[in-house]
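Hi everyone, thanks for making time for this. I'd like to walk you through one small chain, so please have the picture open while I talk.

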Amino acid sequence: MPGHVDTERHLYDLIKDFRTAMLVSQSSAGEWHARPMAVAELRPDADAFFVTRADSPKVLEIEHD
């Protein structure tokens with residue numbers, strides 16, 4: 001298809017050299033929280049992995065929403 005863009009590959013190409021990303025989550029009360037996170041792994045399909053404590057409030061926020 002002319003002009004077709006593989007969006008996952010394009011995103012990966014844009015962010016592959018990033019070492020930090022902003023993670024934004026929402027609390028159960030509706031408050032937004034943003035914090036910088038170190039990128040632990042970035043895969044070519046654009047999946048990104050970060051490391052945090054299992055008991056971190058951000059984990060509960062992500063599980064909730």
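Let me begin with a term we need right away: two strands count as paired if DSSP finds at least two bridges between them. Please also keep in mind that we are looking at a predicted model.

With that in hand, find Gln26, whose bridge partner in β2 is Trp32. That bridge belongs to a set: β1 and β2 run antiparallel and are joined by seven bridges.

Now let's step back to the overall layout. The chain has two helices and three strands, and if you read along the sequence you meet them in the pattern α-β-β-β-α. The three strands make an open sheet in the order β1-β2-β3, with antiparallel pairing. At the edges sit β1, residues 20-26, and β3, residues 48-50, each of which pairs on one side only. From one strand to the next, the twist averages 60°.

What joins β2 to β3? Three bridges do, between strands that again run antiparallel, with β2 covering residues 32-42. If you want a landmark there, look at Glu41, which stands opposite Phe49 in β3.

Next, the turns. The hairpin of β1 and β2 has five residues between the strands, and in it Gly30 takes a positive phi near 90°. The hairpin of β2 and β3 also has five residues between its strands, and there Ala46, in the turn, has a positive phi of about 80°.

Now please follow the chain on to helix α2, residues 57-64. Helix α2 lies across β1 and β2, and runs at about 60° to β1.

That brings me to the residue I'd like to spend some time on, Arg35, which lies in strand β2. Is Arg35 buried or exposed? Its relative accessibility is 16%, so Arg35 counts as buried, because the cut-off for buried is under 20%.

Who surrounds Arg35? Leaving aside neighbours within four places in sequence, Arg35 is in contact with Ala21, Met22, Leu23, Val24, Ser25, Lys58 and Glu61. Let's take some of its polar partners one by one. The side chain of Arg35 makes a polar contact of 2.9 Å with the side chain of Ser25. A polar atom of the Arg35 side chain also lies 3.3 Å from the backbone oxygen of His33.

Then there is the charged partner. As a general reminder, side chains of opposite charge can pair when their charged atoms come close. Here, the side chains of Glu61 and Arg35 meet in a salt bridge, at 3.4 Å from N to O. Glu61 sits in helix α2 and Arg35 in strand β2, so this pair ties together parts that are 26 residues apart in sequence. Both Glu61 and Arg35 are buried.

How many salt bridges does a search of the whole structure find? The answer is four, and I'll show you two others. One is between Glu41 and Arg43, where the closest N and O atoms are 2.8 Å apart. We met Glu41 a moment ago, opposite Phe49. Glu41 is partly exposed, with a relative accessible area of 34%, and Arg43 is partly exposed too, at 35%. The other joins Asp55 and Arg53, with the closest N and O atoms 2.9 Å apart. Both Asp55 and Arg53 are exposed. So, as you move from pair to pair on your screen, you can look at a buried pair, a pair with partly exposed Glu41 and Arg43, and an exposed pair.

Let me finish with the chain as a whole. Along its principal axes, the C-alpha trace spans about 45 × 25 × 15 Å. The radius of gyration is 15 Å, whereas a compact globule of 65 residues would have one near 11 Å. Of the 65 residues, 17% count as buried, and Arg35 is one of the buried ones. Lastly, among contacts with a separation of 6 or more, 30% come from residues 24 or more positions apart.

That's the tour. Thanks for listening, and do ask me anything!

Technical notes
Residues numbered from 1 in each chain as written. Predicted model: local features only at pLDDT ≥ 70, side-chain atom pairs only at ≥ 80, totals over all residues. Heavy atoms only, no water. Helix = DSSP H or I, 4+ residues; strand = E, 2+ residues; numbered from the N terminus. Axes fitted to C-alpha atoms, helices over the stretch in contact; angles between N-to-C directions. Contact = heavy atoms within 4.5 Å. Buried < 20%, exposed > 50% of the residue type's maximum accessible area, 1.4 Å probe, protein only. Polar contact = N/O pair within 3.5 Å; in protein donor to acceptor, adjacent residues only side chain to side chain. Rg over C-alpha atoms; globule rule 2.2 N^0.38 Å.
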